[in-house]
There are 2 protein chains.
Amino acid sequence: MATATLTTRQNIRQTAQKLFRERGYAAVGMRELAKEVGIEAPSIYNHYKSKDDLLREICFDIADQFFKASEEVDVNEKSATKKMRAAIKGHISVIAKNIEASGVFFQEWMFLEEPDLAKFKKLRQEYELKFRDIIEKGMKKGDFKPMNVKLVTFTIFSALNATYDLYRTGEKLSQDEIADEIANLLLKGLKN
Amino acid sequence: MATATLTTRQNIRQTAQKLFRERGYAAVGMRELAKEVGIEAPSIYNHYKSKDDLLREICFDIADQFFKASEEVDVNEKSATKKMRAAIKGHISVIAKNIEASGVFFQEWMFLEEPDLAKFKKLRQEYELKFRDIIEKGMKKGDFKPMNVKLVTFTIFSALNATYDLYRTGEKLSQDEIADEIANLLLKGLKN
DNA sequence: ATTATAAACTAACACTTGTTTGTTTCAAAA
DNA sequence: TTTTGAAACAAACAAGTGTTAGTTTATAAT
């Protein structure tokens with residue numbers, strides 16, 4: 001384990017991710033967060049502007065990672081199935097690498113304040129559109145069975161996004177096993 | 001619209017479902033809830049013992065409905081596919097009939113206080129076991145492809161449980177269309 | 001008309017919320 | 001050795017928390 005000594009800022013961030021995830025953003029107080037870090041509440045404000053600032057950093061960092069992962073999906077790949085599998089793997093990989101933070105991303109984003117909230121929603125829509133495009137083109141091409149694209153995209157995201165919750169149950173599964181099994185199930189469902 | 005005049009108690013309950021769902025249990029105050037109902041905060045306590053009491057009623061009512069729906073799945077049905085489809089339809093039907101409340105059920109249950117929290121978890125596990133059993137037997141029988149049962153069950157529940165969130169997006173889909181499309185996708189993925 | 005009951009109210013309690021102010025501590029730079 | 005700056009602190013603020021006490025209002029039963 002290459003666990004470098006964390007800066008106070010990193011420590012606050014990491015603890016916030018854990019607590020926001022475990023107990024919910026609204027239910028976690030600054031004093032509780034500070035105590036877990038080992039400092040007093042006002043000291044947090046030397047590193048973050050506000051409680052919301054913390055949430056913002058966590059959420060947008062994950063958003064960033066999702067986009068970067070999606071950019072690595074080969075644009076020239078002809079097979080919709082292969083393209084979809086790559087997108088699914090990338091998506092799950094981001095979650096697996098950021099279990100606490102992605103939990104916050106999925107469950108606590110609504111506590112973001114404007115204008116961040118609007119920006120967040122826009123980013124998310126933009127990202128989801130990438131998946132919908134792959135599915136839509138796959139259907140037109142005949143790789144995928146014709147179905148309600150929006151509903152299918154929604155369902156696939158629901159399945160993928162829940163994986164952050166998988167590690168709590170103590171399942172001893174590798175990231176690849178999880179990604180493959182889920183991708184297999186969903187892709188077989190999609191295929192023509 | 002057969003909207004009968006609601007009692008104050010029903011009004012509180014319905015408003016709580018809406019607010020807890022929209023803004024989260026911890027973020028909704030009793031004064032805000034009361035204001036939306038059109039009364040003062042202390043008046044709520046003439047109908048409910050506590051804030052948690054409200055959450056408890058909402059969550060356990062939905063739990064009840066899930067169980068009742070699952071009891072209507074034909075035990076003598078031989079085909080695992082047909083049995084699974086019936087279970088999926090029943091599950092989605094409960095969500096569709098209780099969009100706000102099921103949202104609370106899925107997202108806010110962790111704010112239940114002991115011993116209700118433990119009871120809730122137990123019920124949920126018991127219910128999920130019913131689905132896992134169908135899937136497991138379906139695999140042994142050869143109707144379903146052999147896969148990691150726990151992971152597959154988890155994935156299917158993730159897809160089903162997210163449907164409460166589908167109605168926000170303004171999709172003009174009937175409950176049956178949604179249930180059929182999702183069941184088709186997942187069952188095709190399961191099948192051998 | 002009187003009593004009983006449910007359900008509303010105002011006022012307040014004890015405590016917690018996120019955050020600000022002003023001060024102190026301490027290590028690195030000059 | 002002095003200065004500087006970051007980062008910690010205690011104390012406090014205004015607002016909000018769930019809830020209780022005590023009282024009033026209104027409706028239904030005797």
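Which polar backbone atom is 2.8 Å from a phosphate oxygen of DNA strand D? I looked this up in a predicted model, and found that the backbone atom belongs to M30(B).

**Entry 1: DNA strand D**

I then listed the surroundings of DNA strand D, which comprise 16 residues; E40(A), S43(A), N46(A), H47(A) and Y45(B) come nearest. Of the atoms of DNA strand D that come within 4 Å of the protein, sugar and phosphate account for 49%. I noted a second phosphate oxygen entry, in which a polar side-chain atom of T8(A) lies 3.0 Å from a phosphate oxygen of the strand. For the bases, I recorded R31(B), with a polar side-chain atom 2.8 Å from a base oxygen of DNA strand D. I sorted the surface near DNA strand D by class and obtained six nonpolar, six polar and four charged residues.

**Entry 2: DNA strand C**

I repeated the search for DNA strand C and found 16 residues around it, of which R31(A), Y45(A), E40(B), N46(B) and H47(B) come nearest. Sugar or phosphate supplies 50% of the strand C atoms within 4 Å of the protein, and bases supply the rest. I looked up the phosphate oxygens next. One entry pairs a phosphate oxygen with an N or O atom in the side chain of Y45(A), at 2.5 Å. In another, a polar backbone atom of M30(A) is 2.8 Å from a phosphate oxygen of DNA strand C. From chain B, I recorded T8(B), whose polar side-chain atom lies 3.0 Å from a phosphate oxygen of this strand. The class count for the surface near DNA strand C gave six nonpolar, six polar and four charged residues.

Notes:
Residues are numbered from 1 along each chain as its sequence is written. Chains are lettered from A and ligands numbered from 1 in the order in which they are written. This is a predicted model: local features need pLDDT of at least 70, side-chain atom pairs count only at pLDDT 80 or more; totals for chains, interfaces and linings use all residues. Side-chain values use heavy atoms; hydrogens and water are left out. A residue is near a molecule or strand if one of its heavy atoms lies within 4 Å of it. A polar contact is a pair of N or O atoms within 3.5 Å; within protein, one must be able to donate a hydrogen and the other to accept it, and residues adjacent in sequence count only if both atoms are side-chain atoms. Ala, Val, Leu, Ile, Met, Phe, Trp, Tyr, Cys and Pro count as nonpolar, Asp, Glu, Lys and Arg as charged, and the others, Gly among them, as polar.
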